[in-house]
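Okay, thanks everyone for coming. I'd like to walk you through one structure today, so have a look at it while I talk.

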Amino acid sequence: MVLDSSKNLTPRASPLASWNTGAAKKSLLTFVDAVTTEGAATFVPPEQRIAVFDNDGTLWAEQPFYFQGLFIIDRIRALAPEHPEWKERQPFKSLLEGGGLASGLTEHDVGAIIAATHAGMTTDAFAQIARDWLRTARHPRFHRRYSECVYQPMLELLAFLRAHDFTTYIVSGGGIDFLRTFAEEVYGIPPARVVGSSGQVRFELRGGQPVLVKLPEIGSVDDGPGKPVNIHLHIGQRPILAFGNSDGDLQMFQYTEAGARPHLALLLHHDDAEREYAYDRQSHSGRLDEALRVARQRNWTVVSMKDDWRELFPATRQEAGDARSEATTDSPH
């Protein structure tokens, strides 16, 4: 069921302060009002208000490359002194020479990278390494921690939905163990509500302690048609709201749209080169071609980063402190 966003909204206040007034914001407000108004034909009970969000390029930035990919490159560089053979062995040679994680990597290459950087360690050890990296690594353009390169309008939307009894999930092509290290702190989404790509793990006793050990084999790729499959396996309910930014989210949108309940599909279009990046068709991060065509054909909501978002990133602690200091200095009292 598609809702008519031309109807007047009820007086319910919206905290979407970083969203400009326009069609995208109106479609969100109209939808949430419709599915939460008791007695309305469009009412959806709270337990069925499932909202799913892609992560890379939707909740946080994904340029110049997927942040987890940059984490893996840093891990390879950190481990390189222990592996002099990598200087002549692909794909490590290219990565160490600054070639980046190219889209042309074969499944064998991906398996080799996973085996070199992850396999054999416990899931707890991996989580600690990821948390340490996120505390120190900085984005090359924005010079802020990657966990601070989240989108303020999306943080507001997540909070707005939860205030209206939606349950919010991440459904991402990123690694599930990597995502779970920061999702609750950054997005307010607990580990149990994170769905991502996964590798095989094995139960072992090490020093008499039970642990889960990461293996080199890929388990599930949560991208494209894998997204609705994993939504079914991990969530067990069809979403009524889906938000993504690339062709890898197309099947998630289609699965959401096929439900009998009211639904809303939102596609973020990166069209703001001044504040962030502008891109559609590209080879390495967030290709957007087919999903944009279908979105316009199916009348899904296309969110323009340039036109619909007043703010981009939240203020860092340092920026917030500087602002408070400036306000105190300027005060006549």
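I'll begin with the overall picture, then go through helix packing, salt bridges, a surface patch and one serine.

Before anything else: this is a predicted model, so please hear everything that follows in that light.

Right, the overall picture. We have 13 helices and seven strands here. The protein has 333 residues, and 50% of them count as buried. The accessible surface adds up to about 16,100 Å², and carbon and sulfur atoms own 50% of that. As for contacts, take the ones with a separation of 6 or more: 66% of them are between residues 24 or more positions apart.

Now, helix packing. Two packed helices are described by the angle between their axes and the distance between the axes. I've got two pairs for you.

Pair one is H2, residues 67–79, against H5, residues 123–136. Their axes are 11 Å apart and the packing angle is about 105°. Angles of 65 to 115 degrees count as roughly perpendicular, so that is how H2 sits relative to H5. If you want to click on the contact, H2 brings Phe67, Leu70, Phe71, Asp74 and Arg75, while H5 answers with Phe126, Ile129, Ala130 and Trp133.

Pair two is H9, residues 226–234, with H10, residues 250–257. Here the axes come within 7 Å and cross at roughly 55°, which means H9 and H10 are oblique to each other. On the H9 side you'll find Lys227, Pro228, Ile231 and His232, and they meet Gln251, Met252 and Tyr255 of H10.

Keep Lys227 in mind, please, as we get to the salt bridges. How many salt bridges does a search of the whole structure find? It comes back with 15. I'll show you three.

Let's do the lysine ones. Lysine 227 and aspartate 54 pair up through their side chains, 3.0 Å from N to O. Lysine 227 is in helix H9 and aspartate 54 is in the loop between E1 and H2, so this bridge ties together parts that are 173 residues apart in sequence. Buried or exposed, what would you say for lysine 227? It is buried, because its relative accessible area is 1%. Aspartate 54 also counts as buried, with 5% relative accessibility.

Lysine 227 has another partner, aspartate 249, and there the closest N and O atoms are 2.5 Å apart. Aspartate 249 sits in the loop between strand E5 (241–244) and H10, so with lysine 227 in helix H9 the bridge links parts 22 residues apart in sequence. Both aspartate 249 and lysine 227 are buried. Put the shared partners together and you get one network made of Asp54, Lys227 and Asp249.

The third bridge joins aspartate 165 and arginine 49, with 4.0 Å between the closest N and O atoms. Where do the two ends lie? Aspartate 165 is in the loop between H6 and strand E2 (167–175), and arginine 49 is in the loop between helix H1 (23–36) and strand E1 (50–53), so parts 116 residues apart in sequence get tied together. Arginine 49 is buried at 3% relative accessible area, whereas aspartate 165, at 46%, counts as partly exposed.

Okay, out to the surface. There's a nonpolar patch of about 390 Å², and the residues making it are Val201, Phe203, Leu205 and Leu212. Which strand gives the largest share? That's E3, residues 194–206, with three residues. Phenylalanine 203 is in strand E3, and it counts as exposed because its relative accessibility is 55%.

Leucine 212 is in strand E4, residues 209–220, and it is partly exposed at 38% relative accessible area. Leaving aside residues up to four places away in sequence, leucine 212 touches Met121, Thr122, Thr123, Arg202 and Phe203. Look at the threonine 123 one: it is 89 residues from leucine 212 along the chain, and their C-alpha atoms are separated by 5.8 Å.

Last stop, serine 147. You'll find serine 147 in the loop between helix H5 and helix H6 (152–163). It has a relative accessible area of 16%, so it is buried: the cut-off for that is under 20%. Skipping residues up to four places away in sequence, serine 147 touches Trp60, Leu134 and Val186.

That's my tour, and I'm happy to take questions.

How values were computed: Residues are numbered from 1 along each chain as its sequence is written. This is a predicted model: local features need pLDDT of at least 70, side-chain atom pairs count only at pLDDT 80 or more; totals for chains, interfaces and linings use all residues. Side-chain values use heavy atoms; hydrogens and water are left out. Patches are made of residues with over 30% relative accessible area and no salt bridge: like charges are joined within 9 Å, nonpolar side chains (Val, Leu, Ile, Met, Phe, Trp, Tyr) within 5 Å. Accessible areas come from the Shrake-Rupley method with a 1.4 Å probe; for residues, only the protein chains shown count as cover. Helices (H or I, at least four residues) and strands (E, at least two) are DSSP runs, numbered from the N terminus. Buried means under 20% relative accessible area, exposed over 50%, partly exposed in between (1.4 Å probe, protein chains only). Contact means heavy atoms within 4.5 Å. Axes are lines fitted to C-alpha atoms, for helices over the stretch in contact, and angles run from 0 to 180 degrees between N-to-C directions. Angles under 35 degrees count as roughly parallel, over 145 as roughly antiparallel, 65 to 115 as roughly perpendicular and the rest as oblique.
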